[in-house]
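Me: Please choose a single part of this model, look closely at how it is packed, and then set it in the context of the rest of the chain. I would like the criteria behind each term stated as you go.

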Amino acid sequence: MKTRILLYCFICCTAAFIASGQEQTGYQSDRGLLVMFWNLENFFSPSSEGEFSSTGSRHWTRKRFQAKGRAVAKTVFWTKDIKGRFPDVIGFAETENRTVLERLLSGTVLRKVGYSIVHYDSQDPRGIDVSLLYRKSSLVLLESAPLRIAGIRTRDILMAKFRKSDGDSIVFLVNHHPSKYGPDSGWKRAEALKRLREAVDSLMDKGLADVVAMGDFNDTPENPAFRTVASPPGESGPPLVNLAFPLARSGAGTIRYSGKWDMIDMFMVSRSIFERGVGSSMEILEVPFLTVRDNVHGGEKPFRTYSGPKYLGGVSDHRPILLWVR
C-alpha cells in the first residue's frame, strides 16, 4: 500500500510539472501581456575568449554557464507559478550573443515554453548586448532593428514591433545605457536618452501609440535627464510615463550598493498604455533564491555570479522587474 501511495504521488507531481511547462495557447485579453526585464550580469558563452573563458581570469566553464542558465529558467518558471502565466516578453541585458540565448532555450526547461529570440550584435567593447525573448503563442514579430547611439561604442537600443492577438501593434525598446564608470560619463547616458526619445517620437509619428521602453538605465528616475523622455505618473509632458519613479521614491531598488537599494532598471510606457491602467503594475521580483544575506550591511542583496574575479555561483547583481500591459 505504501508503495502504491508513493507511486501515485510521484505520478501526480510529474504530471503537474509537465503541465506547468506546456505551451499555453491563446491570448488572455482580460489580463494583457506580462513583460519581464532582467540584467543577467555578464552572461557569456562557455566558448568565449578573454576573461570569460575556461583559461581566462574568470575561469568561466561550461558547468558554470549551465548552472546560470538553469537558474534563469527557474526564475521564469517561478514567475509563472506566482503570476499564473509565463512572461510573454523578456528583455535581457548583458547577454553576449545569440548562441547564449539559443543554449538557454535548448538546454533548460525553457524549451517547453515556446520562446523565440530577437538579438543583434552591438559595438559594445565588453561584448555584451541587449536581447529579447517572446512567446509565439502571444505575439507575432513584425519587424526589429538595432538603434545605434551616435558617437558612443555601447549597447544598441533594441526595437521590436509585434502584432498582438487582438490585431493591434505594440513596440518594445530594450535599453542598457552607458555605465557610470569614469568621472564624466553623464553625457553618454544623456545621448542614449536622446536616441530613445528620437525612437519614440518616430514610432508615434507613424501612428504606433503603444510603446514600452525597458532596461537598465544606469541611473535613478530622480535624475532630471529622464524628464526629456518620461515623466512621473500624474504629470504631463514627454511621451512616456516612468513607472519606476514611485518605487524609487519609496526606497525600493533593483541593485544594492553599500547597503542601499537603487532603482536603475525601469519600465517607461506610452500614455496610451498608462491610461489603460498599468500605473501600479510595475513591480520588482523578489525571488527568494536570487538573494543572499548581506553580512556587512544587514538585510538581503542580489546573489551575484562574481564578486570581482571570485566566483560566487549566483545569477545577477540585479533583480528582475515585471509589468502587466493591460
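Reply: The part I would choose is helix α3, where Val-100, Leu-101, Leu-104 and Leu-105 are the buried residues (buried means under 20% relative accessible area, exposed over 50% and partly exposed in between, with a 1.4 Å probe and protein chains only). These four residues lie on the same side of α3 because they cover an arc of only 125° around the axis, the arc being that of the directions from the helix axis to the C-beta atoms. This is a predicted model, in which local features need pLDDT of at least 70 and side-chain atom pairs count only at pLDDT 80 or more, while totals for chains, interfaces and linings use all residues. Residues are numbered from 1 along each chain as its sequence is written, and side-chain values use heavy atoms, with hydrogens and water left out.

The buried residues of α3 pack against β1 (33-43), α2, β2 (89-95), β3 (115-119) and β4 (129-135), where contact means heavy atoms within 4.5 Å. Helices and strands here are DSSP runs numbered from the N terminus, helices being H or I over at least four residues and strands E over at least two. At the start of α3, the backbone nitrogen of Thr-99 has a side-chain oxygen of Asn-97 within 3.2 Å.

The partner helix deserves a closer description. Two packed helices are described by the angle between their axes and the distance between the axes. For α2 (residues 62-83) and α3 (residues 98-106), the angle is about 65° and the axes are 10 Å apart; the axes are lines fitted to C-alpha atoms, for helices over the stretch in contact, and angles run from 0 to 180 degrees between N-to-C directions. The crossing of these two helices is right-handed, a term for a near helix turned clockwise from the far one by less than a right angle. On the α2 side the contact is made by Arg-62, Phe-65, Gly-69 and Val-72, and on the α3 side by Val-100, Arg-103 and Leu-104. Sorted by type, these contact residues comprise four nonpolar, one polar and two charged (Ala, Val, Leu, Ile, Met, Phe, Trp, Tyr, Cys and Pro count as nonpolar, Asp, Glu, Lys and Arg as charged, and the others, Gly among them, as polar). Val-100 and Leu-104 therefore belong both to the buried set of α3 and to its contact with α2.

Turning to the context, the protein chain holds six helices and 19 strands, and 52% of its 326 residues are buried. Of the contacts between residues at least 6 apart in sequence, 68% join residues at least 24 apart.

Some individual residues illustrate such packing elsewhere. In helix α4 (residues 186-205), Leu-203 is buried with a relative accessible area of 9%, and, leaving aside neighbours within four places in sequence, Leu-203 is in contact with Val-171, Leu-173, Leu-208 and Val-211. The C-alpha atoms of Leu-203 and Val-171 are separated by 8.4 Å, although the two residues are 32 apart along the chain.

The loops offer further examples. His-318, in the loop between β18 (310-311) and β19 (321-325), is buried with a relative accessible area of 7%, and its side chain makes a polar contact of 2.8 Å with the side chain of Asp-265. A polar contact is a pair of N or O atoms within 3.5 Å; within protein, one must be able to donate a hydrogen and the other to accept it, and residues adjacent in sequence count only if both atoms are side-chain atoms. Not counting residues up to four places away in sequence, His-318 touches residues including Trp-38 and Asn-39, and Trp-38 and Asn-39 fall within the range of β1, 33-43, a strand against which the buried residues of α3 pack.

Arg-304, in the loop between β16 (300-302) and β17 (306-307), is partly exposed at 34% relative accessible area, and among the residues it touches beyond four places in sequence are Glu-41 and Asp-317. In the loop between β8 and β9, Thr-228 is likewise partly exposed, at 44% relative accessibility, and a polar atom of the Thr-228 side chain lies 2.8 Å from the backbone oxygen of Ala-225. Asn-218, placed in the loop between β8 (211-216) and β9 (230-231), is buried at 14% and has a positive phi near 55° in a residue other than glycine.
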